[in-house]
Amino acid sequence: MHDIRAIRENPELYEQHWAAKGVSGRVAEILDLDGKLRAAQTALQAAQAERNEASKKIGQAKAKKDEAEATRLMAHVETLKKTLEEQTELERELGELLRQVLAALPNLPATDVPAGEDENDNVEVRRWGEPRAIAAPKDHVDLGEGLGLLDFEAAARMSGARFAVLKGQLARLERALGQFMLDVQTSEHGYTEVSPPLLVRDEAAFGTGQLPKFAEDLFHTTDGRWLIPTAEVSLTNLVREQITAQEQLPLRLTALTPCFRSEAGASGRDTRGMIRQHQFYKVELVSITAPEDSEAEHERMVACAETVLKRLELPYRTMLLCAGDMGFSARKTYDLEVWIPSENRYREISSCSNCGEFQARRMDARTKAAGEKGTRFVHTLNGSGLAVGRTLVAVMENYQEEDGRIAVPEALKPYLPGLTHIEAPR
């Protein structure tokens with residue numbers, strides 16, 4: 001959400017920064033609506049003042065026993081009532097229209113975000129690990145089905161496309177990955193584990209920016225709730241409509257939850273395998289900070305996510321996204337991309353974003369320092385620490401052996417007692 005006063009004061013800034021995210025020509029529309037709304041508010045206030053003055057004069061006329069003047073004034077008040085009703089409705093309509101326009105516009109990119117239109121303009125920040133040489137690497141589909149532990153056909157019979165059934169040791173490996181990620185983030189990085197709702201109301205999805213613009217990307221229930229596309233929605237909304245003492249910040253929250261996405265805009269993309277599913281597990285990281293601390297917290301969050309990849313010894317690179325490739329709510333985003341041998345390229349496995357005060361405005365989430373009268377909007381950050389399904393894909397492919405088995409990474413062996421390899425049932 002955006003501050004209309006800030007747009008009035010610096011329209012060129014908003015025009016320029018929205019253009020960097022592929023949105024242009026909206027500032028003139030906003031200022032026109034804002035002008036009409038303020039004119040309606042002024043007219044409403046003038047009509048209210050005129051009614052109050054006329055009502056006062058009615059009493060004075062009656063006190064003087066001037067019934068003709070009192071009757072004329074009462075007729076005028078009746079006329080003003082109709083004017084007030086019309087102006088009140090006009091103010092409501094214009095205010096709602098302005099709110100809808102502002103709610104549909106993305107966050108402004110930070111000043112150090114590179115210009116660009118799409119992923120081809122993203123900037124590599126660093127790279128870790130060397131991809132292991134694998135002769136004719138199999139993809140995770142062939143590996144999983146070859147072991148009899150991954151079944152897309154059974155999933156399709158009951159649920160349709162973009163679902164998978166994991167069995168036996170592969171299901172255990174997925175569970176181990178989620179537990180390992182949670183332990184790293186809670187025990188080592190100070191995040192508080194949360195078990196949040198998976199269903200949220202409109203207000204929560206609006207707060208983090210999924211609604212109204214991206215409704216088609218979500219699953220909607222018959223009672224008006226939304227299945228969360230990420231635990232970011234639930235975790236960030238824990239501070240909605242709250243004033244959090246600045247001394248309690250930063251809040252660092254994490255959750256391992258199922259995530260649900262309709263993938264409405266992904267027709268024809270990644271139709272094979274588990275890269276893009278309607279249902280998957282993810283460990284989410286959310287931070288709530290004071291405004292002056294969010295940039296440092298962002299770098300810290302990225303490092304927390306990178307730790308998981310390093311412990312699993314999975315080669316990756318860190319990318320700074322250009323303005324045109326960032327998400328709706330983000331002002332700055334880093335993507336972590338893991339090496340996928342079968343594709344001979346890096347694929348996104350985590351996205352860590354600083355949203356500034358954008359989501360806080362939509363949620364009315366504020367902070368207040370001890371001894372100060374005023375409040376400020378908090379800054380919110382979110383990131384994957386990591387997407388469990390994509391990490392499973394990366395582990396399967398990077399740890400595959402010539403006989404079709406999958407070696408268990410050292411970091412996961414405490415979570416899989418007695419297992420050194422994922423292999424076919426005997």
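**Entry 1: glutamine 210 and its loop**

I began with the side chain of glutamine 210, which makes a polar contact of 2.5 Å with the side chain of threonine 208. I keep in mind throughout that this is a predicted model. Glutamine 210 belongs to the loop between α8 (202–207) and β6 (219–220), and I noted its relative accessible area as 12%, so it is classed as buried, the cut-off being under 20%. Setting aside residues up to four places away in sequence, I listed what glutamine 210 touches: Ala205, Ala215, Leu218, Pro229, Glu232 and Val233. I also looked up its C-alpha separation from alanine 104, a residue 106 places away along the chain, and found 10.0 Å.

In the loop between α8 and β6 I also found proline 212, which is joined to leucine 211 by a cis peptide bond with omega of about 5°. A second cis peptide bond joins leucine 249 and proline 250, again with omega of about 5°, and I placed proline 250 in the loop between β8 (243–245) and β9 (251–260).

**Entry 2: histidine 189**

I turned next to the loop between α7 (168–188) and β4 (192–193), where histidine 189 lies. Is histidine 189 buried or exposed? Its relative accessibility is 12%, so I entered histidine 189 as buried. The side chain of histidine 189 is joined to that of glutamine 185 by a polar contact of 2.8 Å. When neighbours within four places in sequence are left aside, histidine 189 is in contact with Val184, Arg252, Arg300, Cys304 and Thr307.

**Entry 3: helix α7 against helix α12**

Two packed helices are described by the angle between their axes and the distance between the axes. For α7 and helix α12 (residues 388–398) I wrote down that the axes come within 10 Å and cross at roughly 120°, and that the crossing is right-handed. Which residues make the contact? On the α7 side they are Leu170, Leu173, Glu174, Leu177, Gly178 and Met181, and on the α12 side Val388, Thr391, Leu392, Val395 and Met396.

**Entry 4: aromatic rings**

A pair of aromatic rings is described by the distance of the centres and the angle of the planes. With centres required to lie within 6.5 Å, the count comes to six aromatic pairs. For tryptophan 128 and tyrosine 316, I found ring centres 5.9 Å apart and planes at 20°, so this pair is stacked, the limit for that label being under 30 degrees. This pair links distant parts of the chain, since tryptophan 128 is in strand β1 (residues 123–128) and tyrosine 316 in strand β11 (residues 316–320), 188 residues apart. I then checked the accessibility of both partners: tryptophan 128 is partly exposed at 31%, whereas tyrosine 316 is buried, with a relative accessible area of 2%.

The rings of phenylalanine 180 and tyrosine 415 have their centres 6.0 Å apart and their planes at 75°, so I recorded an edge-to-face pair, a label that needs an angle over 60 degrees. This pair too links distant parts of the chain: phenylalanine 180 sits in helix α7, and tyrosine 415, 235 residues away, in the loop between β17 (406–407) and β18 (421–422). Phenylalanine 180 is buried, its relative accessible area being 5%, while tyrosine 415 is partly exposed at 27%.

I also noted that ring pairs link Phe214, Phe328 and Phe358 into a cluster.

**Entry 5: charges over rings**

I looked up two cases of an arginine placed over a phenylalanine ring. The charged end of arginine 362 sits over the ring of phenylalanine 206, at 4.0 Å from the ring centre. The charged end of arginine 366 sits over the ring of phenylalanine 377, at 4.3 Å from the ring centre.

**Entry 6: positive phi**

Last, I turned to backbone angles. Alanine 136, a residue other than glycine, has a positive phi, near 45°; alanine 136 is in the loop between β1 and α5 (140–146), and with a relative accessible area of 70% I entered alanine 136 as exposed. Aspartate 364, although not a glycine, likewise has a positive phi, of about 55°. I located aspartate 364 in the loop between α11 (358–363) and β14 (366–368), and with a relative accessible area of 35% aspartate 364 counts as partly exposed.

How values were computed: Residues are numbered from 1 along each chain as its sequence is written. This is a predicted model: local features need pLDDT of at least 70, side-chain atom pairs count only at pLDDT 80 or more; totals for chains, interfaces and linings use all residues. Side-chain values use heavy atoms; hydrogens and water are left out. Helices (H or I, at least four residues) and strands (E, at least two) are DSSP runs, numbered from the N terminus. Buried means under 20% relative accessible area, exposed over 50%, partly exposed in between (1.4 Å probe, protein chains only). A polar contact is a pair of N or O atoms within 3.5 Å; within protein, one must be able to donate a hydrogen and the other to accept it, and residues adjacent in sequence count only if both atoms are side-chain atoms. Contact means heavy atoms within 4.5 Å. A charge sits over a ring if NZ of Lys or CZ of Arg is within 6 Å of the ring centre and within 35 degrees of the ring normal. Axes are lines fitted to C-alpha atoms, for helices over the stretch in contact, and angles run from 0 to 180 degrees between N-to-C directions. A crossing is left-handed if the near helix is turned anticlockwise from the far one by less than a right angle, and right-handed if clockwise.
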